[in-house]
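Biologist: I would like a close look at one part of this model, with the cut-offs stated as you go.

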Amino acid sequence: MLSRKRPRMRIIRRSTKHSQNAETIANNYDLLIQILVRLPVKSLLRFKSVSKTWHSIISNPEFSCHLFPDISGLVMRNLGSPADKPEYGFIPLGNKSSADDGPF
């Protein structure tokens with residue numbers, strides 16, 4: 001019977017300076033938000049599991065206002081239009097005065 005040797009795991013120690021910088025950023029709420037805002041949404045969804053603080057920041061509805069501050073509506077393609085001549089419509093996201101107006 002052959003015995004297998006386990007590979008040795010190397011322990012990587014982070015420098016104290018690196019740890020202090022990470023802690024400074026983590027404790028500065030505004031700086032952390034400015035960093036998170038610049039990340040792709042897919043990464044943000046993964047980063048919700050980093051800590052309870054990150055989860056609460058990313059899940060906060062006010063945080064999404066930082067992600068998309070200037071969105072006033074959506075432009076959507078009318079699916080009934082032909083592919084060679086697509087038609088588009090604008091759906092405002094703000095308050096509308098008339099509820100019976102359709103998006104197109």
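In what order do the elements of the protein run from the N terminus on? After that, please concentrate on helix H2: which residues of H2 and H4 meet?

Modeller: From the N terminus on, the order is α-α-α-α-α-β-β, that is, five helices and two strands. Helices here are DSSP runs of H or I with at least four residues, strands are runs of E with at least two, and numbering starts at the N terminus. The model is predicted, so local features need pLDDT of at least 70 and side-chain atom pairs count only at pLDDT 80 or more, while totals for chains, interfaces and linings use all residues. Residues are numbered from 1 along each chain as its sequence is written, and side-chain values use heavy atoms, with hydrogens and water left out.

Of the 104 residues in the protein, 11% are buried. Buried means under 20% relative accessible area, exposed means over 50%, and partly exposed lies in between (1.4 Å probe, protein chains only). Helix H2 covers residues 29-37, and its buried residues are Leu 32, Ile 33 and Leu 36. Seen down the axis of H2, these buried residues fall within an arc of 100°, so they line one face of the helix. The arc is taken from the directions that run from the helix axis to the C-beta atoms.

H2 packs against helix H4 (residues 52-59) at an angle of about 65°, and the two axes are 11 Å apart. Axes are lines fitted to C-alpha atoms over the stretch in contact, with angles from 0 to 180 degrees between N-to-C directions. The crossing of H2 with H4 is right-handed, meaning that the near helix is turned clockwise from the far one by less than a right angle (anticlockwise would be left-handed). From H2, Tyr 29, Leu 32, Ile 33 and Leu 36 meet Trp 54, Ile 57 and Ile 58 of H4; contact requires heavy atoms within 4.5 Å. The residues of this contact comprise seven nonpolar, no polar and no charged. Nonpolar covers Ala, Val, Leu, Ile, Met, Phe, Trp, Tyr, Cys and Pro; charged covers Asp, Glu, Lys and Arg; the others, Gly among them, are polar.

Two of the H4 residues also touch Phe 47, which lies in helix H3 (residues 41-47). Beyond four places in sequence, Phe 47 is in contact with Leu 39, Trp 54 and Ile 58. The C-alpha atoms of Phe 47 and Ile 58 are 8.4 Å apart, at a separation of eleven residues in sequence. The whole structure has one aromatic pair. The ring centres of Phe 47 and Trp 54 are 6.1 Å apart and their planes lie at 75°, so the pair is edge-to-face. Rings of Phe, Tyr and Trp (its six-membered ring) pair if their centres lie within 6.5 Å; planes under 30 degrees apart are stacked, over 60 edge-to-face, and the rest tilted. Phe 47 is partly exposed at 24%, and Trp 54 is partly exposed at 21%.

H2 also has contacts with His 66, a residue of helix H5 (residues 61-67). His 66 touches Ile 33 and Val 37, neighbours within four places aside.
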